Amino acid sequence: MQSPVCSYTEWDLLEEVIVGTIDGACIPPWHIALEPNIPTAHHSMFQKNAGRPFPPARVELARLELEEFVNILEGEGVKVRRPDKVDQSISFGAPGWTSTGLYAAMPRDVLLVVGTDIIECPLAWRSRYFETAAYKTLLKEYFKGGAKWSSGPKPELKDEQYNFDWEEASGGEVTPLVITEFEPTFDAADFARFGKDIIAQKSNVTNDFGIEWLGRHLGNDYKIHVLEFNDPHPMHIDATLVPLAPGKLLINPERVLTIPALFKGWDIVSAPKPAIPDSHPLYMTSKWLSMNVLMLDEKRVIVERQDEAMIRAMKDFGMTPIPCNFRNFNSFGGSFHCATVDVRRKGKLESYLS
Ligand code: DAV
């Protein structure tokens, strides 16, 4: 049986993709795990509005951009799938804690596709505990069609998983991570796929325990390389180190200070300074979302329409940029790579790194 799920890289020809939805997005309850990755300017907005919907006018603008994105993908010949509707305001929990939900806007965080395996990730944020619920219809369909369907060990997310003393380091100290090694947790977006090699980072949601679990789960066909970057608040690798094609890598010039030896012989392009103005709200990320592009193949790349510098950089690098408005969607914590998970790309399992 040929699997409907099959993807080994971030750049092989994209045939089928899940695009998230912003409908029903809710502000999650405040919790220590959010503190390092919600920009300080938005902490009080989150604290005051826990459990309530995000501002409806902003949600609507983001929804329209998602529709534009879907239309572009379909126009480029990609089959687009969407999550189920889920009420994010319903309370849920496990022994010792309760929460409400966040959204189903960023499938990249919650589902990891490696070959024919589609893995539900054990996320570290309590508000995201049941986030894969929105994808169950698709997961069942893919499994029945021949995909492998897996899930990380269901975490307990007890207080022991978090470093409640977390604070920003001062005076040249290293800022710690907010999660501990109590149990394995990881977000799919902390991994970038290069065929047999997978690049990973430890982050405020992904611990060594989670990376170790994934490595053993995937087995000997794959090797996970854990890299460290100059980023005091790591959460998701896809605004730091972004593969565009075999031998072509986009890097964040503030975070990647030396090119890892694995990329010997690769052409490297530094992301231009992000174009997003300070006045534009980014509730959950830095402006480096500008790097969070989606490759449709080794040339076609979806880029934010207002980001002229990135469009130019991609052209100069031999790519064919396809612009799409996405700045309002960006407010919710992701761009084109975050908002998608590639279900199927044409390609075989190969080696690309030295
Ligand atoms: O600001 O680097 C970008 C990725 C979010 N999923 C950042 C986070």
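Student: Hi! Let's start with the ligand. How do the residues of the shell around it divide by class?
Tutor: Hello! In this predicted model, the shell around the ligand has 4 nonpolar, 4 polar and 2 charged residues.

Student: Nice. Which residues are they?
Tutor: The residues around the ligand are M235, H236, D238, A239, R255, T285, S286, L289, G333 and C338.

Student: What does the side chain of R255 do there, in terms of distance to an oxygen atom of the ligand?
Tutor: A side-chain N or O atom of R255 lies 2.8 Å from a ligand oxygen. S286 also has a side-chain N or O atom by a ligand oxygen, at 2.7 Å.

Student: And which residue has a polar side-chain atom by a nitrogen atom of the ligand?
Tutor: That would be H236, with a polar side-chain atom 2.7 Å from the ligand nitrogen.

Student: How much of the ligand's accessible area does the protein cover?
Tutor: On its own the ligand has 270 Å² of accessible area, and the protein covers 92% of that.

Student: Where does the ligand sit?
Tutor: You'll find the ligand in the largest pocket.

Student: Switching topic to cavities. How many are there of 30 Å³ or more?
Tutor: The count is 4 cavities of 30 Å³ or more.

Student: What volume does the largest cavity have?
Tutor: Its volume is about 90 Å³.

Student: Which residues lie nearest the centre of that largest cavity?
Tutor: Of the 14 residues lining the largest cavity, E10, D238, V242, P243 and H337 lie nearest its centre. You've met D238 already, as one of the residues around the ligand.

Student: Which strands each supply at least two residues of that lining?
Tutor: Those are β8 (191-194), β11 (241-245) and β14 (294-295). The largest share of the lining, 3 residues, comes from β11.

Student: What's the lining of the largest cavity like by class?
Tutor: The lining there has 10 nonpolar, 2 polar and 2 charged residues.

Student: OK, next one. How much space lies in the second largest cavity?
Tutor: The second largest cavity holds about 70 Å³ of space.

Student: Which residues line the second largest cavity?
Tutor: Its lining is made of A275, I276, L289, S290, E304, D307, R327, N330 and S335. L289 is a familiar name, since the residues around the ligand include L289 too.

Student: And how does the lining of the second largest cavity come out by class?
Tutor: Nonpolar, polar and charged residues each number 3 in the lining of the second largest cavity.

Terms used
Residues numbered from 1 in each chain as written. Predicted model: local features only at pLDDT ≥ 70, side-chain atom pairs only at ≥ 80, totals over all residues. Heavy atoms only, no water. 1 Å grid on protein atoms, 1.4 Å probe; cavity = no way out; pocket = protein on both sides within 12 Å on 5 of 7 lines; lining within 4 Å. Points joined across faces, edges and corners; volume = space filled by probe spheres on them. Helix = DSSP H or I, 4+ residues; strand = E, 2+ residues; numbered from the N terminus. Nonpolar A, V, L, I, M, F, W, Y, C, P; charged D, E, K, R; others polar. Near = heavy atom within 4 Å. Polar contact = N/O pair within 3.5 Å; in protein donor to acceptor, adjacent residues only side chain to side chain. Areas by Shrake-Rupley, 256 points an atom, 1.4 Å probe, with all protein chains shown as cover. Sits in = over half its atoms within 2 Å of the grid points.
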